[in-house]
Each structure stands twice: as C-alpha cells, then as structure tokens.
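Reader: I should like to learn how to read helices, loops, cavities and ligand shells in a model of this kind. May we take one structure and go through the features in turn?

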Amino acid sequence: MHSFLLAFSLKCFIPFDMMKIIEKAKKEHSLSRDELIYLLKDNTCDEYLFNAADEVRQKFVGDEIHLRALIEFSNICKNNCCYCGLRRDNKNIERYRIDEDTIFKLAEHAVKNLGLKTVVLQSGEDMFFTTDKLCRIIRKIKTLDTALTLSIGEKTLEEYKAYHQAGADRFLLRIETTNRELYEKYDPGMSWENRAECLKNIGISGLEIGSGCLVGLPGQTIESYADDILFFKQIKADMIGIGPFIPHKDTPLKDAKGGTLQTALKVMALTRLLLPDINIPATTAMETLEPNGQTKALQSGANVIMPNVTLTQYRKHYELYPGKSSTNYSPDDSLREVREKIASLGRTIGKGYGSHQK
Ligand code: 5AD
Ligand code: SF4
C-alpha cells in the first residue's frame, strides 16, 4: 500500500504525508485538529481528498441521493444576522407568510405528485407561527407518507419536544461558525452558548440533529473550519449542510469578499471523512457560486439534494443571498432539473425516507 501511495504521490506531486493523513481518515474516521488544519491549508491534495470523500460516501451511504422538498413558508425574521438578506432591518424585501392550507397543499403536491419522501419546512424566526400552529401543520403533513424536517430557528426544549410529539422527525439549525466571538458579532443579540444548547436539546427531544456552517465569513479562519468539523462530530450530528457565504447588497456585509466553492467543498469532504454515515446535502449556495457546484459536491461526499417546492411567486422573496439558484423555477421545474443531474451522474434517487442509518 505504501509503495503504491509513494508512486501516486510522486506522479501527482502530492505530499506523501498528506496522502497518508487522508488514507488514515478514510479508515479511522478521525483526525486531529492539526491534521485537519494541515489538509485545509494546502490545496495540492484537493482532488485526492474529494475522491476519498466520494469513496467513503459510496461505502457508507451508497449511491442513492435523497431528495427533500423544501418549503420556505415565511421570510419574516426577528433576528438581524449581518450576512442574511432576511434580517429584520432589511426593508428592501417584500415579506410573506404562506397560510396553513397552502403549506399543506405544497407538501401534498411534493409527496403525492412529485414522489418526494421528506418535506422540509423552513422559515425565518417568525413568531406568528406559534407552537400550536406549527404542531397543527406538522400533524396534517404527517398524514401524508413522508418524513418531516423543520428549519425554523432557536426554540426551547419543550418546543422541540412538542414538534417531535406532533410527528416531526428532524431539525436543522446551523451553528454557522464555532468561533463564538465571530458568531456573536455577526448574529447581534444572539448567544453562541444558547445555539449550542439548542442543538443539544434537539437531540434530547428525539429529533435528528441537523447542523452546519458558513464558509467565507470575514474573519473565519482555517483553524475555525477545523473546529467546526470537530464540533459536528462532538454533537453527533445526523446531517450537516455547508454553504459558502455569498454577500448580499442589503446587509452590513455587502462589501465582503465571500466564500469560495473550493473551500466549502473541502470542509464538506472532510466532514464526510469524519462522519462517514451522515446525510450531507449538496447545498443551493454551492450551485449559486458555480453552475456545476452541486454536481461537484455530489462527487465529493454529498448524498442529499433539497429541491425547492415553494410557489414561484414567493421564491424570489426568500433571498438569503443574491442569485439564489433557480428562483424563477416552479416546483416541477426544480425537480426535473435535479432528476437530470442525478441521472447524468449515474446515481439513483433514494426510495426510502433517507433517515440517518447509524
Ligand atoms: N450566504 C450564504 N448562506 C447564507 N445563509 C444566510 N445568509 C447567507 C448568505 N448570505 C444561510 C445560513 C442559514 C441558512 C438558512 O442560510 O447558514 O443558517
Ligand atoms: Fe433570520 Fe436565519 Fe436570516 Fe438569521 S440567517 S436573519 S435567523 S433567516
């Protein structure tokens, strides 16, 4: 094995010790902080790393790509995150809420007509949707043959428990960054400790834990990405979404440089090596940065896509970042495009609910 590695390394000018670290991660699914930093800092082994993540993905979660029907049901948010177009101080967007019946109809269309097996309800932190209202929506959607994920922000343990009891299966809450100072600078009024506590409570409530981070916020470092990856392992995440930060003109970070697809893919590939059996989406932000972004992600460790099934009339208003991919698409268009992408990769669409198989 070692002589083979040495030959490959010499042929491709990849430092031998880097290859050894990647090979170790492929077998043991653990790396030290220093090893992560070493791999993140140097780009000579990126293709080798992406291939390794692809192999681990294939071995642990197979060739199926699980589809999640994303419904962005409200763009109203009480928070003021400096990177996000939905922040409460942004007066340049038209705010909307989709009513309960329409949310259900969108879910029903996704499940019955489009054949999707998970519905994701996502919104800003909109206090209009009380626990009672949400539980009513959850119970109704769960009469359909579908798994249900919520992505609605920071809640109490009691609320997470109520959603789970109403039938919700999973919850997404990105930690955004493990750098506490940076988090509290860019998410004014919010506490990193509370966010970490929420992730713990999501697990206690019985919901699958989904988290993730941004890549490319001003001040984020290679070291902090290494910490992010170790954090995902520490919280025993069931799913991790990683997205490059894309500056939005109506936010305080409008002049920032933004993240690159390459770094986001590296953080994602390393996450796959260390958490081999979790669900990892090829994120829309990756596709927004590069037309081939999602395809590259699916070849570098990702096994999930979240086609947007929100009504076309609302989609342009859910502008977390500019140019958010395919905002003029209908639910059926989104799915058609995703199916084509999957077929062109020779992969198949997941037949089950695509829950985390530990
Ligand atoms: N660029 C990329 N991703 C963003 N998000 C919010 N704003 C941006 C942006 N400008 C992400 C955050 C949040 C998720 C719903 O969208 O990570 O958790
Ligand atoms: Fe609100 Fe989420 Fe945007 Fe922050 S990232 S402003 S919580 S929608």
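Author: What follows is a dialogue on a few features of this structure. The model is predicted, so to speak of local features a pLDDT of at least 70 is needed, side-chain atom pairs count only at pLDDT 80 or more, and totals for chains, interfaces and linings use all residues. Residues are numbered from 1 along each chain as its sequence is written, chains are lettered from A and ligands numbered from 1 in the order in which they are written, and side-chain values use heavy atoms, with hydrogens and water left out.

Reader: How is the length of a helix read, and what span does α15 reach?

Author: Helices are DSSP runs of H or I with at least four residues, strands are runs of E with at least two, and both are numbered from the N terminus. The expected span of a helix is 1.5 Å times one less than its number of residues. Helix α15 covers residues 331-344, which is 14 residues, and reaches 20 Å from its first C-alpha to its last, close to the 20 Å expected.

Reader: Which residues of α15 are buried?

Author: A residue is buried under 20% relative accessible area, exposed over 50%, and partly exposed in between, with a 1.4 Å probe and protein chains only. In α15 the buried residues are P331, S334, L335, V338, K341 and I342. Seen down the helix axis, these buried residues fall within an arc of 125 degrees, so they line one face of α15; the arc is that of the directions from the helix axis to the C-beta atoms. The face turned away from the buried side carries the exposed residues E340, A343 and S344. Just after α15, G346 takes a positive phi of about 70 degrees.

Reader: How many of the residues of α11 are buried?

Author: Twelve of its 14 residues are buried, so α11 is largely enclosed by the rest of the structure. Among them are L261, A264, K266 and T271. The end C-alpha atoms of α11 are 20 Å apart, in agreement with the 20 Å that its 14 residues should span. R272 lies in this helix, residues 261-274, and is buried with a relative accessible area of 0%. R272 and F60 are 212 residues apart in sequence and 9.8 Å apart in space, C-alpha to C-alpha.

Reader: Which residues other than glycine have a positive phi, and where do they lie?

Author: Two cases may be set side by side. E176 has a phi near 70 degrees, is found in the loop between β5 (170-172) and α8 (180-186), and is buried at a relative accessible area of 12%. K236 has a positive phi of about 55 degrees, has its place in the loop between α10 (222-234) and β7 (239-244), and counts as exposed at 65% relative accessibility.

Reader: How are pockets and cavities told apart, and what volume has the largest pocket?

Author: On a 1 Å grid over the protein atoms alone, a cavity is a set of points where a 1.4 Å probe fits but cannot get out, whereas a pocket is an open set with protein on both sides within 12 Å along at least five of seven lines; lining residues have an atom within 4 Å of a point. Grid points are joined across faces, edges and corners, and a volume is the space filled by probe spheres set on the points. The largest pocket holds about 180 Å³ of space. Its lining includes K236, L274, P276 and H356.

Reader: What classes of residue make up that lining?

Author: Ala, Val, Leu, Ile, Met, Phe, Trp, Tyr, Cys and Pro count as nonpolar, Asp, Glu, Lys and Arg as charged, and the others, Gly among them, as polar. The lining of the largest pocket divides into six nonpolar, one polar and five charged residues.

Reader: How many cavities of 30 Å³ or more are there?

Author: The count comes to two cavities. The second largest cavity has a volume of about 30 Å³, and E125 is one of its lining residues. E125 lies in the loop between β3 (118-123) and α6 (131-141) and is buried, with a relative accessible area of 7%.

Reader: Which residues surround ligand 2?

Author: A residue is near a molecule if one of its heavy atoms lies within 4 Å of it. Ligand 2 is surrounded by C77, N79, C81, Y83, C84, L86, R87 and G124. By class, this shell has five nonpolar, two polar and one charged residue.
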